[in-house]
Amino acid sequence: MIRRFAVLLLVPLLSSCAMFRNLFEPTPTLIGCAFSGVSEVAKLNRYPADGRTAKVLVDLLDQAYLSNWVRLEASAEVSNAVSLITPSGERVIVYRPDFLDREVPEAFVALVIAHELGHHIEGDTAGLAVTQARPPKEAELRADAFAAKMLKVRGYREEQIVEALDLLVGKLPASTPTPEERRRLILKNYKRTRDLQTELGDSRAAYALLETKNSALATTKAEVEAELKKKSDDLDDHTSWAERAGKKDKKKTVLESVVMSVRLNDGDITDFTQPGKYTADVEITYHVLALEDTVEGDLEEVFHVSPESSTTVSWVPSTEKYSLHHKDPVRVAAFFRFSLKARERRTIQTSARYEYTLPLSPSRKTHGVEPSQADDAFFYINQYDYINELVLVIRSSKPLREPMKGDALLEREVDNFKIGSTPLLQSESGYSVATFRWRNLEPRQIAGLLIRR
């Protein structure tokens with residue numbers, strides 16, 4: 001039986017072109033590298049990480065047997081990277097997109113992310129009181145030592161580490177410890193690292209202990225012991241929601257996360273009611289976990305558009321070998337030509353390009369969304385998969401209007417039950433960016449995002 005990746009439906013739609021003038025006022029920058037307790041988090045506007053950087057963190061967490069322990073996000077309001085705990089207790093690493101852009105080598109990205117992960121492992125994010133009690137130099141060197149060990153275990157070569165360190169010196173401001181101190185410590189720890197068990201010990205026990213130490217509720221010895229027992233019991237089955245649900249439903253694969261990123265190339269359009277053309281580039285990053293062995297053809301992806309939308313779609317080659325088995329102007333479908341072993345993880349990136357022919361129809365309705373003529377709506381139609389986390393990101397060259405409740409939509413296909421939410425809107429490098437995140441998606445659920453121009 002074919003296990004199909006979620007189907008993507010793109011519906012181009014119309015709007016008024018009014019600017020929400022006060023939306024993009026600048027906010028103060030949080031200086032990094034830093035680590036913070038909950039009081040710092042509310043100051044940051046955050047959005048999902050790009051695919052390459054997210055994969056680096058997933059690989060590091062998998063190596064330490066801590067899958068899904070820390071979330072990675074981006075923000076233009078940090079100077080490089082920071083480690084945070086949210087008010088709800090979630091662990092987060094936030095990085096500045098132009099600090100870890102695609103021009104830097106992967107080893108540089110891994111060094112920065114592993115360093116921030118080190119702050120979480122070492123307990124630096126336990127809260128402001130703990131942060132202030134440990135001298136910054138000591139904390140930085142501890143995180144550097146952890147990063148060096150992780151990169152050695154992950155298989156990065158010494159020359160890659162040296163190149164990353166050379167680049168890091170040029171990107172960081174003057175700090176304590178000095179660049180030379182950090183270089184010596186990182187290379188020393190890199191060279192003497194043998195294996196993960198020797199260097200880190202029992203990561204599962206460390207995870208339980210850290211989470212207990214950082215719990216605001218664990219204030220007495222009895223509470224600490226109770227919290228530690230609870231965490232240890234939870235770790236006996238250290239599996240995600242999607243993995244548990246997928247096993248119960250006898251799925252071959254589940255999706256640990258999906259990030260769908262859309263860039264609208266609409267900067268030259270001045271009037272969406274007049275004849276014209278523009279394109280949208282869609283990139284989807286899947287983090288796949290195989291629950292059973294798979295064979296070629298078990299995994300399929302489909303991109304399509306509503307036939308009445310005056311839009312065409314074309315497949316862009318992905319990171320994997322594939323076989324297109326359906327191709328016409330409104331629908332493309334492909335089987336992936338690879339197999340997975342049970343428990344194997346794989347990150348896949350796929351892409352498609354949509355071409356709009358204006359003007360679009362003024363009377364369109366899809367999944368309860370009734371856009372005006374200049375709006376756009378994008379849907380991720382999940383027919384078969386259990387998904388831990390789905391993130392939709394839409395970037396437009398045009399200023400976007402303030403989102404409304406219901407612009408982020410989750411619909412259950414079996415009974416048309418809908419949950420409407422308000423997406424996050426912010427600015428980044430000349431783009432207006434709308435984002436929303438859904439957790440624990442089941443098969444036959446549809447997630448969508450409407451943007452208003």
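Here is a short tour of this structure, stop by stop, for you to follow in your viewer.

**The whole chain**

Start with everything shown as a cartoon, and keep in mind that this is a predicted model. The protein chain carries 10 helices and 21 strands. Of its 453 residues, 53% are buried. Now think about contacts between residues at least 6 apart in sequence: 76% of them join residues at least 24 apart.

**Helix α4**

Select residues 136–153, which is helix α4. Try a distance between its end C-alpha atoms: they are 26 Å apart. That agrees with what you'd expect, because 18 residues at 1.5 Å a residue should span 26 Å.

Next, show the side chains. Which residues of α4 are buried? The list is A139, E140, A143, D144, A145, F146, A147, A148, K149, M150 and L151. Then move on to G155, which follows α4 and has a positive phi, near 95°.

**G246 in helix α10**

Jump to residues 241–248, helix α10, and pick out G246. Is G246 buried or exposed? Its relative accessibility is 0%, so G246 counts as buried.

Add Y386 to the selection. Y386 sits 140 residues away from G246 along the chain, yet 6.2 Å separates their C-alpha atoms. Y386 is also one of the contacts of G246; leaving aside neighbours within four places in sequence, the others are K251, V254 and L291.

**Strand β21 and its partners**

Now select residues 445–451, strand β21. Seven of its seven residues are buried, so the rest of the structure largely encloses this strand. In a regular strand, side chains alternate between the two faces of the sheet. Turn on the side chains here and sort them by direction: Q445, A447, L449 and I451 point one way from β21, while I446, G448 and L450 point the other way.

What pairs with β21? Bring in residues 376–382, strand β15, which runs antiparallel to β21 and is joined to it by seven bridges. To get your bearings on this pairing, find Y380, which stands opposite A447 in β21.

Then add residues 408–412, strand β17, which also pairs with β21 in the antiparallel sense, over five bridges. Here the landmark is E411, opposite I446 in β21.

**The second largest cavity**

Time to look for empty space. Rolling a probe the size of a water molecule over the atoms shows where such space is left. The structure holds two cavities of 30 Å³ or more. Go to the second largest, with a volume of about 50 Å³.

To find this cavity, select its lining: L400, R401, P403, D407, P423, L425, A434, L450, I451 and R452. You have already met L450 and I451, which belong to β21. Colour the lining by class and you get seven nonpolar residues, three charged and no polar ones.

**The second largest pocket**

For the last stop, select D50, R102, S261, R395 and E428. Of the 27 residues that line the second largest pocket, these lie nearest its centre. The pocket holds about 780 Å³ of space.

Which strands each supply at least two residues of this lining? Show β4 (47–48), β8 (253–265), β9 (276–290) and β16 (387–396). Finish by colouring the pocket lining by class: 13 residues are nonpolar, 10 are charged and four are polar.

Conventions
Residues numbered from 1 in each chain as written. Predicted model: local features only at pLDDT ≥ 70, side-chain atom pairs only at ≥ 80, totals over all residues. Heavy atoms only, no water. Helix = DSSP H or I, 4+ residues; strand = E, 2+ residues; numbered from the N terminus. Expected span 1.5 Å × (residues − 1). Buried < 20%, exposed > 50% of the residue type's maximum accessible area, 1.4 Å probe, protein only. 1 Å grid on protein atoms, 1.4 Å probe; cavity = no way out; pocket = protein on both sides within 12 Å on 5 of 7 lines; lining within 4 Å. Points joined across faces, edges and corners; volume = space filled by probe spheres on them. Nonpolar A, V, L, I, M, F, W, Y, C, P; charged D, E, K, R; others polar. Pairing = 2+ DSSP bridges. Contact = heavy atoms within 4.5 Å.
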